[in-house]
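Visitor: Please take a close look at a single part of this model and set it in its surroundings. I should like one connected account that I can follow against the coordinates on my screen.

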Amino acid sequence: MKLLITGMAGFIGHAVARRLAALGHDIVGIDNLSDYYDVSLKRARLDDLAGLPGVRFRRLDMVDRDAMAMLFAEEGFEGVIHLAAQAGVRYSLENPHAYADSNLVGHLNVLEGCRHGGVRHLVYASSSSVYGMNAKVPFATDDPVDHPISLYAATKKANELMAHSYSHLYGLPATGLRFFTVYGPWGRPDMAPFKFTRALLEGRPIPVFNHGDMSRDFTYIDDIVEGVVRVLDAVPAGGDGAPHALHNIGYGSPMALMDFIRAIEEATGVEAQCDFQPMQPGDVPRTWADTGSLYAATGYAPRVPVAEGVARFVAWYRAFYKV
């Protein structure tokens, strides 16, 4: 298929592009190369993709309505994997307008492009953040998610509602994927696995929020990619009147934060200096994915255990940063 990947210079976008290129798809990737985190890492990801057969990159901000309309008109995409967004819970407290621009206006421009371009299937990134302080675990896609505790989470829930409305009104097949704490090679520097590894190897203390009393459903990047690729072929039929589906992609088993830190200690051979701090605004104490709907739709369940995934990430980090 001819596919659009938004956010191709991002962590997940880069990995998905590599996999889909290997499968022989024709890929156009866009990214605005924002400076939310180190742009040189984003450029290195693009360099890693350069020269792969069937992969092209265009620097483009999806907030630009006219440019997006022209892109869809020129390229004639059959499928869209929409991964671009302003990420980060804590940053949404500092720069809320970035979330409105990218996650709301940008998402609408993607939906409009899909609608007018006759796209066969839109697969878009949501987030486990939509579950907020839900007490019921594991989190399932049919749980109520009406109480977001960060602006980031609110925009991702809005993405799901907007996509569902386009599915209902225009028959656009769309699938939203709620990602759970993704980590692995080429990962984001603003996320805990990367920050902890860097701090340990540089001999600095690591901030441990809620005094370590937290757990996350850490999900290795290869599992995320496999889920995205399989979902692309699992086009919703629209039995409830809208061809729209939601799936969690998580490992399906939460790990205590302190156990995750011990896995990094094991992989690096360095003992962590923990700086215990209170819970941060917008954070949640735990996440846990019910992946039943993903398995029902694709036959896939994430399988890379944390110890193995962390070891792979640390090996990549050492090689990439020559540590």
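**Strand β1 and its surroundings**

Guide: In this predicted model, strand β1 and strand β4 (residues 79–82) pair in the parallel sense, with 4 bridges between them. One position to inspect in this pairing is Thr 6, which stands opposite His 82 of β4. Strand β1 itself covers residues 2–6. Its other partner is strand β2 (residues 26–31), to which β1 is joined by 5 bridges, again with the strands running parallel. Here Leu 3 is the residue to find, since it stands opposite Ile 27 in β2.

The side chains of β1 may be taken next. In general, side chains in a regular strand alternate between the two faces of the sheet. In β1, Lys 2, Leu 4 and Thr 6 point one way, while Leu 3 and Ile 5 point the other way. Thr 6, the residue opposite His 82, and Leu 3, the residue opposite Ile 27, therefore belong to opposite sets under the general alternation of a strand, and in this model they point in opposite ways. The five residues named are buried whichever way they point. Accordingly, β1 is described as mostly covered, with 5 of its 5 residues buried.

The path of the chain from β1 to β2 passes through helix α1 (residues 11–22), and these three elements make a β-α-β unit that is right-handed.

The view can now be widened to the sheet. It is an open sheet of 7 strands in the order β3-β2-β1-β4-β5-β6-β11, and the pairing is parallel. In that order β1 sits between β2 and β4. The edges are held by β3 (55–59) and β11 (244–249); each has a single partner strand, so one side of each is left without a neighbour in the sheet. From one strand to the next, the twist averages 20°.

From strands β5 and β6 of the sheet, two local features can be followed. Pro 138 lies in the loop between β5 (121–127) and α6 (151–170). The peptide bond that leads into Pro 138 from Val 137 is cis, with omega near -5°. Thr 181 lies in the loop between β6 (174–179) and β7. Thr 181 is not a glycine, yet its phi is positive, at about 30°. Buried means under 20% relative accessible area; Thr 181, at 18% relative accessibility, therefore counts as buried.

Beyond Thr 181, the chain enters β7 (182–183), which supplies at least two residues to the lining of the largest cavity, as does α7 (192–202). The count comes to 1 cavity of 30 Å³ or more, and the largest cavity has a volume of about 50 Å³. Its lining includes Val 182, Tyr 183, Pro 193 and Phe 194, together with Phe 11 and Phe 313. Phe 11 brings the account back to α1 (residues 11–22), the helix of the unit that contains β1. By class, the lining of this cavity divides into 7 nonpolar, 2 polar and 1 charged residues.

The second largest pocket, an open space, holds about 160 Å³. Helices α3 (65–75) and α5 (96–117) each supply at least two residues to its lining, and α3 gives the most, with 6 residues. Among the lining residues are Arg 65, Asp 66 and Phe 72, as well as Asn 109, Glu 112 and His 116. This lining divides into 4 nonpolar, 4 polar and 3 charged residues.

Two loop residues complete the survey. His 211 lies in the loop between β8 (206–208) and β9 (215–216). Although other than glycine, His 211 has a positive phi, near 55°. At 53% relative accessibility, His 211 counts as exposed. Gln 277 is found in the loop between β13 (274–276) and α10 (292–298), and at 24% relative accessibility it counts as partly exposed. Gln 277 is 65 residues from Gly 212 in sequence, whereas in space the two are 8.2 Å apart, C-alpha to C-alpha.

Key
Residues numbered from 1 in each chain as written. Predicted model: local features only at pLDDT ≥ 70, side-chain atom pairs only at ≥ 80, totals over all residues. Heavy atoms only, no water. Buried < 20%, exposed > 50% of the residue type's maximum accessible area, 1.4 Å probe, protein only. Pairing = 2+ DSSP bridges. Right-handed = clockwise from strand over helix to strand, strands pointing away. 1 Å grid on protein atoms, 1.4 Å probe; cavity = no way out; pocket = protein on both sides within 12 Å on 5 of 7 lines; lining within 4 Å. Points joined across faces, edges and corners; volume = space filled by probe spheres on them. Nonpolar A, V, L, I, M, F, W, Y, C, P; charged D, E, K, R; others polar. Axes fitted to C-alpha atoms, helices over the stretch in contact; angles between N-to-C directions.
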